[in-house]
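User: Hi, I have a structure open and I'd like to talk it through with someone. Could you help me read it step by step?

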Amino acid sequence: MNDPEPRRIILHVDMDSFYASVEVRKNPSLKGRPVVVGADPKGGRGRGVVSTCSYEARSYGIHSAMPISEAYNRCPHAVFLPPDYLLYNTVSSRIMGILHYHSQRVEQVSIDEAYLDMSHVSGFPEALEVARHIKTTVLEETGLTCSIGMAASKVVAKIASDYEKPDGLTVIIPGEEESFLAPLPVYTVPGIGRKTSEELSRHGIQTIGDLASVDVQVLIGWFGRGAVTLHHLARGIDGREVECCDSSKSISREVTFEEDTDDREGIMNVLDRMAGDLGQALKAEGYSFRTLTVKVRFQGFETRTKAVTVPRPSRNMRDAAVLARRLIGQMLDERRVRLVGIRLSGLARQDTRQTALSDFTS
Ligand code: TTP
Ligand code: MG
């Protein structure tokens, strides 16, 4: 008898209304209230967007990326808060630490989301116990809830984690993928954005089941070769591995001063120049970064580093320079500085949250 396909068990863990939940945890009097994290609404005249909001705020139709002025108009009595990235980053690191305890193969895909390869356990029942344990530990250690999806592929695990949010746990056992996916709207497939679902809708395709039943050649005629991957995803077929081991890729720049210096503005200017230089290098390679680490070596050689992980892969070096200035500002004291450096890591060639069909081109 031939060996069966290698069996895989994948968990997708995603925190619930992450920034907003951290804010509620920080200030428990906000519990149960609509909380919106993002730009300053300035009484409805504010520019910028919503980063995220609590589930209470979602019942007013508020969501991530909505103009903050619209969020204000929908719910003026909501609590509007500016993002506290350093805090979110600290909480994220604790959560990722918990996940790493349960699997050696963890792929962090954004500040609040990761895939775990659990194929080393005896089967789905044991993996389910682990998933329950993760939820309990995350809650105990951070006070926050997460939602977990479990399946034999990344795409189904991800869709499953979103299925019963918040505080959900959805298991799709092998063989049940197509029936689970079939009734869901096409935009629940990661990568199908508004444009693609509108186009699919023009062809009469509303659900993942509709998409799975279209002849792949017809899909290719509409969307090009990328449609093959899309058609596979719609049937829950996704051979992508949990990519845990490539996050070491990084680029960095360092400058050693001619003489140890305590000229803060001079140090900041050097950081700006390095950020500009790294921006050019990223652009040339077509990379975005997830983590920015700043390093400072003082006179006497003591070296300190501080890192922050941004919510989405970014190549915005102006923001990176501001972040680098802030991080280094927190480390400088009265001592003179011998060297400063910036490292960008978690490099990826594309945003992990694709929204265009063209991103599926195989
Ligand atoms: P998500 O996991 O997409 O959203 P969420 O955790 O707030 O809510 P959900 O319960 O639906 O998972 O994103 C994680 C964090 O990333 C979110 O708390 C804020 C940030 N973010 C932005 O800053 N802008 C965005 O457009 C999105 C989608 C998220
Ligand atoms: Mg989330």
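Analyst: Gladly, and let us begin with one term: a residue is near a molecule if one of its heavy atoms lies within 4 Å of it. Please also keep in mind that this is a predicted model.

User: OK, so how many residues surround ligand 1, and which are the closest?

Analyst: Ligand 1 is surrounded by 15 residues, and the closest of them are Ser17, Thr52, Tyr55, Arg58 and Arg312. Sorted by class, this shell holds seven charged residues, together with four polar and four nonpolar ones.

User: Which atoms of Arg58 and Asp112 come up against the ligand?

Analyst: For Arg58, a polar side-chain atom lies 2.8 Å from an oxygen atom of ligand 1, and for Asp112, an N or O atom in the side chain is 2.9 Å from an oxygen atom of the ligand. The backbone takes part as well, since a polar backbone atom of Ser51 is found 3.5 Å from a nitrogen atom of ligand 1.

User: How much of the ligand's area does the protein cover?

Analyst: On its own, ligand 1 has 550 Å² of accessible area, and the protein covers 81% of that. The elements that each give two or more residues to the shell are strand 1 (10-15), helix 1 (18-26), strand 3 (50-53) and helix 2 (55-58).

User: And where does the ligand lie with respect to the domains?

Analyst: Ligand 1 lies between domain 1 (10-16 + 86-176) and domain 2 (19-84), because both of these domains give residues to the shell around it. The chain as a whole is divided into those two plus domain 3 (182-234) and domain 4 (246-359). To give you one distance, the centres of domain 2 and domain 3, taken over C-alpha atoms, are separated by 33 Å.

User: Back to Ser17 for a second, where does it sit, and is it buried or exposed?

Analyst: Ser17 belongs to the loop between strand 1 and helix 1, and with a relative accessible area of 8% it is buried. Its backbone deserves a look too, for Ser17 has a positive phi of about 35 degrees although it is not a glycine.

User: What about Ala65, what is its phi?

Analyst: Ala65, which is not a glycine either, has a positive phi of about 75 degrees. It lies in the loop between helix 2 and helix 3, and its relative accessibility of 57% makes it exposed, because the cut-off for that word is over 50%.

User: New topic: strand 7. Why can I call it largely enclosed?

Analyst: Strand 7 covers residues 146-151, and six of its six residues are buried, so the rest of the structure largely encloses it. In a regular strand, the side chains alternate between the two faces of the sheet. Here, Cys146, Ile148 and Met150 are buried on one side, while Ser147, Gly149 and Ala151 are buried on the other, and both faces are therefore covered.

User: Which strands does it pair with, and in what sense?

Analyst: Strand 1 and strand 7 run antiparallel and are joined by six bridges, with Ile148 of strand 7 as the bridge partner of Val13. Strand 8 (residues 169-171) pairs with strand 7 in the parallel sense over three bridges, and there Met150 stands opposite Val171.

User: What kind of peptide bond joins Lys165 and Pro166?

Analyst: It is a cis peptide bond, with omega at about -10 degrees, and Pro166 itself is in the loop between helix 6 (154-163) and strand 8.

User: Last one: how far apart are Leu87 and Val308, in sequence and in space?

Analyst: In sequence Leu87 and Val308 are 221 residues apart, and in space they are 9.8 Å apart, C-alpha to C-alpha. Leu87 is part of helix 4 (residues 85-102) and counts as partly exposed at 25% relative accessibility.

User: And what does the side chain of Thr291 contact?

Analyst: The side chain of Thr291 makes a polar contact of 3.0 Å with the side chain of Thr309. Thr291 is placed in strand 10 (residues 289-298), and at 17% relative accessibility it counts as buried.

Terms used. Residues are numbered from 1 along each chain as its sequence is written. Chains are lettered from A and ligands numbered from 1 in the order in which they are written. This is a predicted model: local features need pLDDT of at least 70, side-chain atom pairs count only at pLDDT 80 or more; totals for chains, interfaces and linings use all residues. Side-chain values use heavy atoms; hydrogens and water are left out. A polar contact is a pair of N or O atoms within 3.5 Å; within protein, one must be able to donate a hydrogen and the other to accept it, and residues adjacent in sequence count only if both atoms are side-chain atoms. Accessible areas come from the Shrake-Rupley method with a 1.4 Å probe; for residues, only the protein chains shown count as cover. Helices (H or I, at least four residues) and strands (E, at least two) are DSSP runs, numbered from the N terminus. Ala, Val, Leu, Ile, Met, Phe, Trp, Tyr, Cys and Pro count as nonpolar, Asp, Glu, Lys and Arg as charged, and the others, Gly among them, as polar. Domain bounds come from an automatic or database domain assignment. Buried means under 20% relative accessible area, exposed over 50%, partly exposed in between (1.4 Å probe, protein chains only). Two strands pair if DSSP finds at least two bridges between them.
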